Number of protein chains: 2
Amino acid sequence: MARTRVTISGLTTIAITVVEKQGLDALSLSSVASRLGVRPSALYTHVNGVEGLRYLVAVNATRNLTDDIRRAAIGVGGGKALQTVGQAYRAFALNSPGQFRATLTAPRSADDELTKANDDLVEVFALVFAAMGLEAETAKLAARSTRSALHGFCALEVAMGTSADHDAQYQHLLDTLEQGLQPTKD
Amino acid sequence: MARTRVTISGLTTIAITVVEKQGLDALSLSSVASRLGVRPSALYTHVNGVEGLRYLVAVNATRNLTDDIRRAAIGVGGGKALQTVGQAYRAFALNSPGQFRATLTAPRSADDELTKANDDLVEVFALVFAAMGLEAETAKLAARSTRSALHGFCALEVAMGTSADHDAQYQHLLDTLEQGLQPTKD
DNA sequence: ACCTGAACACCGTTCAAGT
DNA sequence: ACCTGAACACCGTTCAAGT
């Protein structure tokens, strides 16, 4: 009696739910299958094993983060843009730690969906810096450095746990980046 | 016939070996036990399950990273110190990706070995900035921001894979930090 | 085409039993 | 005190069988 039908979008929704409610380490074919009311082996029709499941979550998590910071960047001008986007980045990490951790998943190839999703994420930062007056190449460098720095802070915070003075510490990081990325002739 | 004796230092050595040769995900009681010539259940005498094994690796990996960057910082003056320590940080990540990944493990409590190991790591950066003339509190902030930024870059590089222009990109990050952390009155 | 159910390998954990 | 070996739960994966 095969009455339950699995769709890829339903599977994705459930997978994200598992990651958020039970943590990234709880993501498994079993946990997703049980929530879908289906046997683990049934998922092989839609996904290439656990690896495929993790990949699916990684792509969606990265897109969700990108959506959040892109939304935050809209209509915010000049020097304030980096601050705003930075806060949105950290908010995603703290509110969706499971998805944020999934963000670090390795792409399968140099031209797959996950690589594209990561490029899109960095491009939001690049657009912010371009709007601040940086030339295209410089904006790209600034974007990658910024993403690296923000990721590092949030990854450490999510892993090690948040403490009281983290707000001020994050502010210091954002200020450091802003000052360090100012165009200077020397 | 219990002829094989397990020591905690031997166990640690083997665990690090597994992490380096087979990757962090291959770290398990089984893999370590088989290399020790012992049954998995025998490890429970020395370590508190897989969690305890991961914790052991995390503490040692963090200490190894600290040793590396501390060594690199010796006898290097002024503005060059950050560059040197930064290069040593990345070298550890690229040469020992398994240990580097283990560096992100969550401490058990606020006053355990792993928390201490992490504090020691950040303190190396603090000492570098103090030597550059920053006041103690400022040096601490700079140290944490720097560690976050370097960790983020290396974590992304280790996860996503190294590509050709990463050297220049890392140099840009180090330069950004150096400029951004310069004491300015404004 | 898609799901079930059995089967197998593998890992973590506990515990009685040996030395 | 420390290791073995059996036992159990759990997950991933494959595949024949059903619909």
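Reader: How much of chain A is buried?
Author: Buried residues make up 47% of its 186 residues. Buried means under 20% relative accessible area, exposed means over 50%, and partly exposed lies in between, with a 1.4 Å probe and protein chains only. This is a predicted model: local features need pLDDT of at least 70, side-chain atom pairs count only at pLDDT 80 or more, and totals for chains, interfaces and linings use all residues. Residues are numbered from 1 along each chain as its sequence is written, chains are lettered from A and ligands numbered from 1 in the order in which they are written, and side-chain values use heavy atoms, with hydrogens and water left out.

Reader: How many helices and strands in chain A?
Author: Eight helices and zero strands. Helices (H or I, at least four residues) and strands (E, at least two) are DSSP runs, numbered from the N terminus. Along the sequence the pattern is α-α-α-α-α-α-α-α.

Reader: What box do the C-alpha atoms of chain A fill?
Author: Roughly 70 × 40 × 25 Å, taken along the principal axes.

Reader: And what share of its contacts join residues 24 or more positions apart?
Author: 68% of the chain A contacts with a separation of 6 or more. Contact means heavy atoms within 4.5 Å.

Reader: Helix 2 of chain A. Which residues are buried?
Author: A:Leu29, A:Ser31, A:Val32, A:Ala33 and A:Leu36.

Reader: What covers them?
Author: The cover includes helix 1 (8-22) and helix 3 of chain A. Just after helix 2, A:Gly37 takes a positive phi of about 70°.

Reader: Now the largest nonpolar core. Which members touch the most others?
Author: A:Ile69, A:Tyr89, A:Phe129, B:Ile69, B:Tyr89 and B:Phe129, out of 66 residues. A nonpolar core is a set of buried Ala, Val, Leu, Ile, Met, Phe, Trp, Tyr and Cys residues joined through side-chain atoms within 4.5 Å.

Reader: Take A:Ile69. What is in contact with it?
Author: Leaving aside neighbours within four places in sequence, A:Val85, A:Ala88, A:Tyr89, A:Leu121, A:Val124 and A:Phe125.

Reader: On to the two chains. How many residues of chain A are in contact with chain B?
Author: 31 residues of chain A, with 31 residues of chain B.

Reader: What area is buried between them?
Author: About 2,600 Å², and carbon and sulfur atoms give 63% of that. Buried area is the accessible area (1.4 Å probe) that two parts lose on being put together, summed over both. On the chain A side, A:Met160, A:Gln169 and A:Gln179 supply 21% of what chain A buries against chain B, more than any other three residues.

Reader: Where is A:His172?
Author: In helix 8 (residues 166-180) of chain A. A:His172 counts as buried because its relative accessibility is 15%. Leaving aside neighbours within four places in sequence, A:His172 is in contact with B:Leu141, B:Ala142, B:Ser145 and B:Leu181.

Reader: And B:Asp119, buried or partly exposed?
Author: Partly exposed, because its relative accessibility is 49%. B:Asp119 lies in helix 6 (residues 113-131) of chain B.

Reader: DNA next. Which residues come nearest to strand C?
Author: A:Val6, A:Arg39, A:Ser41, A:His46 and B:Tyr44, of the 17 residues around it. A residue is near a strand or molecule if one of its heavy atoms lies within 4 Å of it.

Reader: Which atoms of strand C lie within 4 Å of the protein, sugar or phosphate or bases?
Author: 76% of them belong to sugar or phosphate, the rest to bases. A phosphate oxygen is 2.8 Å from a polar backbone atom of A:Val6. Another pair puts a phosphate oxygen 2.6 Å from an N or O atom in the B:Tyr44 side chain.

Reader: What does A:Ser41 do at strand C?
Author: An N or O atom in the A:Ser41 side chain is 2.9 Å from a base oxygen. Helix 2 (29-36) and helix 3 (49-73) of chain B each give two or more residues to the surface near strand C.

Reader: Which residues come nearest to strand D?
Author: A:Tyr44, B:Val6, B:Arg39, B:Ser41 and B:His46, of 17 around the strand. A backbone N or O atom of B:Val6 lies 2.8 Å from a phosphate oxygen. For B:Arg39, a polar backbone atom is 2.9 Å from a phosphate oxygen.

Reader: Which helices supply the surface near strand D?
Author: Helix 2 (29-36) and helix 3 (49-73) of chain A each supply at least two residues.

Methods. Polar contact = N/O pair within 3.5 Å; in protein donor to acceptor, adjacent residues only side chain to side chain.
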